[in-house]
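Me: I am new to this structure and would like a close look at one part of it. Please start with the enclosed spaces, then link them to what lies around them.

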Amino acid sequence: MDFRLGEDQRALRKGVRELLGRLFDREALRAAVDSPAVDRGLWRELGAAGFFALRLPEEEGGVGLGLPEAVLVFEEAGRVLLPGPLVATHLAAGSVPGAAEGDVVVTEVGEGLVPWLDEADVVLGSAEGAVPMRSVDPLTPLHRVPGAPAAVSTTEGWEAVLLTAAEQVGSAEATTGKAVSYAREREQFGQVIGGFQAVKHLCAGMLVRTELARAAVRAASLTVDPVEIAGAKLLADEAATANARDCLQVHGGMGFTWEADVHLHLKRAWVRAELLLPAARAEETVAAGL
Amino acid sequence: MDLAYSAEEEDFRVRLREWLAAALPTLPARPDPLDWPARRAYDCGWQRRLYDAGYADVHWDASPTQRLIFLEETELAGAPYVGANFVGLLHAGPTIAAEGTAEQRARWLPPVLRGDEVWCQGFSEPDAGSDLASLRTRVVRDGDAYVVSGSKIWTSHAEVADWCELLVRTDPGAAKHRGISWLAMPMDAPGVTVRPLRTLAGSTEFAEVFLDEVRVPVANRVGEENDGWRVTMVTLSFERGTAFVGEVVACRRLLGELARTARENGTWDDPVLRRRLGRLSAEFRALWRLTQANVSEAQATGGVPGAGGSVFKLHYSHARQELYEAAAGVLGPDALDLGREWTLDRLSSLSYTIAAGTSQIQRDIVAERILGLPKGR
């Protein structure tokens, strides 16, 4: 047993972090917030970098990596709030022509909601009767679709839950980092606020949530056990949403402004938490495994 | 990233499992948990069995992964835990093994492994609490002995211990964290008085210890004089890093028992309670994965567990208390019956966020040592 990242995995993570730093920096994020649309150029660059074809065999033009590597890549996507139906397009590579290359945008209906409906070239599942809503997340357009949500039953379905959880872990890590760097700079009462126990303890709690969720998500990528994936999603959702709230608190009044990125993390985390296997169903799934 | 165990590790697991299956049915009945002398005898008897079978030193000499397998298998089989040997096996032993001289290792380690000698921990003092370095127990050097005077509190297992890992101030003029030394003190030395403290669970598992000019040979000092704080940090990282590993497995077993009880008595039909058990199950599964991550790190670096132990302990101690709160919902009026093991364990779990460094201190450690936030209060 060696439950640490291997050398290739560390190199992959580093490479993806650098790539996303180039393709989607903070300026690009704020520009996208002002005009939310799938950036086709960015989508093709992601395709060219192997983001969608990551798990396709090399003889089919893919990268030939596995679910643990996909989890690392989606953690990075979550860190920078990369927008678009990334999970659905990644999972459709190999079955929907053009998805692997990033030429086609694929979305999927989940839990009575469908994201990016108007922007997608291909919609998996029935979006009949879809009604647009004013999405809480300015970077995830949403439609409501009628009918009760179906239980997750396929391998792809569980993989979608897991990759979404990985994005949540990335977001939780990012908000921890933002809170800590702000706490080290911002001065009040003649010292940086990171020296105050009340602030330190918020930050420590954020790290604990992130590490617990990360261990759960990475283990689930190895076991691919539905109960373990459900538990990982539950903890990752909680880490992303609670960390964003604590990060906002550490930022004080600044955190409540549109200019701070904290609200973008919180709103995306809410969407991801609701879109696939929300808490109640995740808890029921894990309970059924007892 | 690999969760599979090597063939060698699996072989160790299989042999251990077979041995446990044969050994456990021959164990005597468990003693009354409030009767510490009986518990000492029981726990030391179990340790002797482990020694004879070649498993006694698994906490020190085995690889971190082997230790993980040992703790997992013994818990899954429902074997006794270290109990009264907690300090000897998980604190004092590893510390002497890491910092002691050859003579000290030869004198103190074998009796711990055989279950012949029990240790207690003389770190905390009245009024000091989590501020461990503010200790006042002082010594006067007299020839080849330190003459120790002062008092200790929260001394686990003092009532039944043969030895005490004792922190004393050897240089009162030095800065707070310097001038401390780590001594092995015999509990039967003249001048040692033990006054058991009764916990809220009714047990006397810890005590106050009064020291009135107790002579401790200078040869009993582990590490250099005035270097005891560093030695102590080694001890504490063992405590946080590995001492709780097996308990995660125990919690997963308890949660399974609880779910069976809930299905039998109908409380499982309550969705709020059922979902609560589901959430706890997710947390303990994740804590086990976090343990495997920490053990992999320790295995790779060969070092003692670092601040990662604090991350684990923060969530674990809270989750364990939540487990017993959920249990109360399943057990109903039975949760008020002190004759039930659950009830006693529920009371005991209240110490988890205090002992071995409070959750508040652990958050300081995480914030300062991992996140790099400045010291300060």
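Reply: In this predicted model, five cavities reach 30 Å³ or more. The largest cavity has a volume of about 100 Å³.

Look at its wall first. The lining includes D43(B), W46(B), Q47(B) and L50(B). These positions fall inside α2 (36-53) of chain B. With four residues, α2(B) gives the most to this lining. Helix α3 (64-76) of chain B also supplies at least two residues. F70(B), L71(B) and T74(B) are in the lining too. So are H59(B), P80(B), Y81(B), V82(B) and N85(B).

Now sort that wall by type. Seven of its residues are nonpolar, four are polar and one is charged. The charged one is D43(B), because Asp counts as charged.

Next, an open space. The second largest pocket holds about 850 Å³. It is lined by 43 residues, and the closest to its centre are E108(A), V109(A), G110(A), L275(A) and L276(A). The elements that give two or more residues to this lining are α5 (86-92), β1 (106-108), α6 and α9 (262-275) of chain A. Which of them gives the most? That is α6(A), with six residues. By type, the pocket lining divides into 25 nonpolar, 11 polar and seven charged residues.

Helix α6(A) leads on to the place where the two chains meet. There, 46 residues of chain A and 51 residues of chain B take part in the contact. Together the chains bury about 4,200 Å². Carbon and sulfur atoms account for 66% of that area.

What else joins the chains? The model has 18 residue pairs in polar contact between chain A and chain B. On chain A's side, α6 (155-185), α7 (197-223), α8 (226-251) and α10 (279-288) each supply at least two residues. The most come from α7(A), which gives 16 residues. The residues on this side of chain A split into 25 nonpolar, 10 polar and 11 charged.

Charge crosses the contact as well. There are seven salt bridges between chain A and chain B. One partner pair is E284(A) and R274(B), whose closest N and O atoms are 2.7 Å apart.

Why can such pairs form? Side chains of opposite charge can pair when their charged atoms come close.

Pairs of this kind also occur within a chain. Over all chains, the count is 52 salt bridges. K14(A) and E18(A) give one example, with an N to O distance of 3.4 Å. The pair counts as a salt bridge because that distance is within 4 Å. K14(A) and E18(A) both belong to helix α1 (residues 7-23) of chain A. They sit four residues apart, about one turn of the helix.

Back to the starting point, then. The largest cavity draws most on α2(B), the second largest pocket on α6(A), and chain A's side of the contact on α7(A).

Notes. Residues numbered from 1 in each chain as written. Chains lettered and ligands numbered in written order. Predicted model: local features only at pLDDT ≥ 70, side-chain atom pairs only at ≥ 80, totals over all residues. Heavy atoms only, no water. Contact = heavy atoms within 4.5 Å. Buried area = accessible area lost by both parts, 1.4 Å probe. Salt bridge = Lys/Arg side-chain N within 4 Å of Asp/Glu carboxyl O. Polar contact = N/O pair within 3.5 Å; in protein donor to acceptor, adjacent residues only side chain to side chain. 1 Å grid on protein atoms, 1.4 Å probe; cavity = no way out; pocket = protein on both sides within 12 Å on 5 of 7 lines; lining within 4 Å. Points joined across faces, edges and corners; volume = space filled by probe spheres on them.
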